[in-house]
Amino acid sequence: LNDADTDSVNVTYNWYVHNVSITVLNMHMTNKMYSANRNTTFDFSGYNNYGVITDARYNTTGKIGGAYWFSGINNNNIRMPLSTSLNMMNTTGNLTLEAWVWADGVGTTAGVDQHIVSKHGLSGSTGYALIIDGGVPSMWIGPDQSSKAGIASITPGRWYHLVGVWNGTSCMIYVNGTNYGGSTSCVSLP
């Protein structure tokens, strides 16, 4: 999509119910252009959950626009602020986590998580995450990472659209639009 001057245009959508955004974090990895500070990412949700970038490298060859590359060492991440808007499990009971992911490599050991999106609380508090665990896209919900779902392995060197959905009672994992987590309750980990 281009404007009248043939400049490339990215369209950003946000969803509202009764004039309140239902998207609490809407972060495009093409957003380097929206931040004067090259160490932060922009949140289009309206909740100002801007992220601080630590040791992640930006490149322009993402699935849709740019992308950030995380080496998996030196604790590189994009850290969000402590915000009540991100405490989804305390408000609605429903949660969707979504990301386009390219994995240069995936671990094959179960229990060795590669976090894509996660919110951790103090011990005993409710958290959530969309992760790759032993090569398997997974979602966990609950205190101390006690529940998860996911069964489809991914292959390094390809783009994947990963979506984790929690509807208050069940976890579902979608990989490129296919539901691999089913609609049964999340499986309790040992």
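**Exercise 1: strand partners of β13**

Find how β8 and β13 run relative to each other in this predicted model, and count the bridges that join them.

*Solution.* Start with the pair itself: β8 and β13 run antiparallel, and eight bridges join them. Then pick one rung to check by eye: E98 has V163 of β13 as its bridge partner. Now look for another partner of β13. Five bridges pair β13 with β14, again in the antiparallel sense. A handy rung here is L162, whose bridge partner in β14 is V175.

**Exercise 2: the turn after β13**

What do β13 and β14 form, and which residue in the turn has a positive phi?

*Solution.* Follow the chain from β13 into β14: the two strands form a hairpin, with four residues between them. Within that turn, stop at G168, where phi is positive, at about 105°.

**Exercise 3: burial and the core**

Work out how many residues of β13 are buried, then which elements give two or more residues to the largest nonpolar core.

*Solution.* Take burial to mean under 20% relative accessible area. By that cut-off, seven of the eight residues in β13 are buried, so the strand is mostly covered. Next, turn to the largest nonpolar core, which has 20 residues; L95, M139 and I141 touch the most other members. Two or more residues come from each of β8 (95-102), β10 (126-133), β11 (136-143), β13 (159-166) and β14 (171-175). β8 supplies the largest share, four residues. Finally, look apart from this core for another one, made of five residues, including M27, A56, Y68 and I78. As background, nonpolar side chains tend to be buried together in soluble globular proteins.

Technical notes: Residues numbered from 1 in each chain as written. Predicted model: local features only at pLDDT ≥ 70, side-chain atom pairs only at ≥ 80, totals over all residues. Heavy atoms only, no water. Core = buried A, V, L, I, M, F, W, Y, C linked by side-chain atoms within 4.5 Å. Buried < 20%, exposed > 50% of the residue type's maximum accessible area, 1.4 Å probe, protein only. Pairing = 2+ DSSP bridges.
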